[in-house]
Amino acid sequence: MTVTVRDSRSEPGAAPRAVRGLAVEDGAHIVLTMAGTRVLPAVADAALSGRDHTLADYPHTHTTPAPDVHAELGDARVATLGCWSPVHPYRSSLDGGTCAEPARAYEEDTGAAWLQPLGLAHALLETAHHALATAADPADRASVADAVTRTRLDTIAGPLDRTAGATPNIALLPLVGGQWHPEPAGPRLAVVDNTGRSEVPLTGDLIPAR
């Protein structure tokens with residue numbers, strides 16, 4: 001499988017252009033579109049028909065560019081929904097890797113703190129691999145799209161079932177409660193509420209905002 005990457009730069013107009021480029025110029029059989037936020041650096045569009053949306057976002061208005069924004073979030077004790085973290089107990093369907101591994105690799109490579117979209121982007125690549133491997137004809141886009149809609153897969157972001165979502169081709173991702181905590185080593189997104197998702201360990205207490 002060949003993976004081609006184009007950066008949407010978190011710009012609404014750039015994302016459709018990146019998808020068209022992948023589909024038309026690069027001839028991609030599957031395009032994974034990762035929705036980002038203005039707070040977090042963009043996760044590049046990688047070579048799925050359709051669009052996956054991150055369910056977790058926090059309504060925080062600021063003017064600080066990432067990664068400095070993490071310190072701002074920590075100082076404000078911002079609480080948010082959490083979709084993925086290094087302590088989540090799931091493993092990659094590709095190589096059995098743990099959630100901690102891509103987080104650590106990202107930090108070592110960039111010098112910046114891990115980001116929640118890392119796990120989601122990895123899970124999208126797992127979905128692409130599974131669809132291409134199970135499609136009746138991996139060179140036919142309609143066949144690949146059909147394989148995507150039938151995907152039920154345990155991923156590094158947890159179990160994803162695209163056959164049981166609220167609408168067709170949507171996999172729901174259970175969330176935990178998180179809060180940004182300021183710490184000597186830098187701001188940290190702690191898991192403070194795992195109601196309904198007890199397999200994810202708690203890594204901090206909910207602290208009243210200043």
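The side chain of arginine 162 reaches the backbone oxygen of asparagine 169 at 2.7 Å, a good place to start looking around this predicted model. Arginine 162 is found in the loop between strand S5 (158-161) and strand S6. Is this arginine buried or exposed? Arginine 162 counts as buried because its relative accessibility is 6%, and the cut-off for buried is under 20%.

From that loop, let us follow the chain into the sheet. Strands S3, S6 and S7 form an open sheet, in the order S3-S6-S7, with antiparallel pairing. At its edges are S3 and S7, each of which pairs on one side only. On average, neighbouring strands of this sheet are turned by 40° against each other, direction ignored. S3 and S6 run antiparallel and are joined by four bridges. Within this part of the sheet, threonine 80 stands opposite glycine 178 in S6.

Here are the residue ranges of the sheet strands, for finding them in the viewer:

| Strand | Residues |
|---|---|
| S3 | residues 79-82 |
| S6 | residues 176-181 |
| S7 | residues 188-193 |

Now for the nonpolar cores. Which residues have the most contacts inside the largest one? They are Trp84, Ala157 and Leu173, in a core of 20 residues. The elements that give two or more residues to this core are helix H2 (69-75), helix H4 (117-134), S6 and S7, so you will meet two of the sheet strands again here. A second, separate core has ten residues, including Ile30, Ala131, Ala135 and Val148.

Conventions
Residues are numbered from 1 along each chain as its sequence is written. This is a predicted model: local features need pLDDT of at least 70, side-chain atom pairs count only at pLDDT 80 or more; totals for chains, interfaces and linings use all residues. Side-chain values use heavy atoms; hydrogens and water are left out. Two strands pair if DSSP finds at least two bridges between them. Axes are lines fitted to C-alpha atoms, for helices over the stretch in contact, and angles run from 0 to 180 degrees between N-to-C directions. Buried means under 20% relative accessible area, exposed over 50%, partly exposed in between (1.4 Å probe, protein chains only). A polar contact is a pair of N or O atoms within 3.5 Å; within protein, one must be able to donate a hydrogen and the other to accept it, and residues adjacent in sequence count only if both atoms are side-chain atoms. A nonpolar core is a set of buried Ala, Val, Leu, Ile, Met, Phe, Trp, Tyr and Cys residues joined through side-chain atoms within 4.5 Å.
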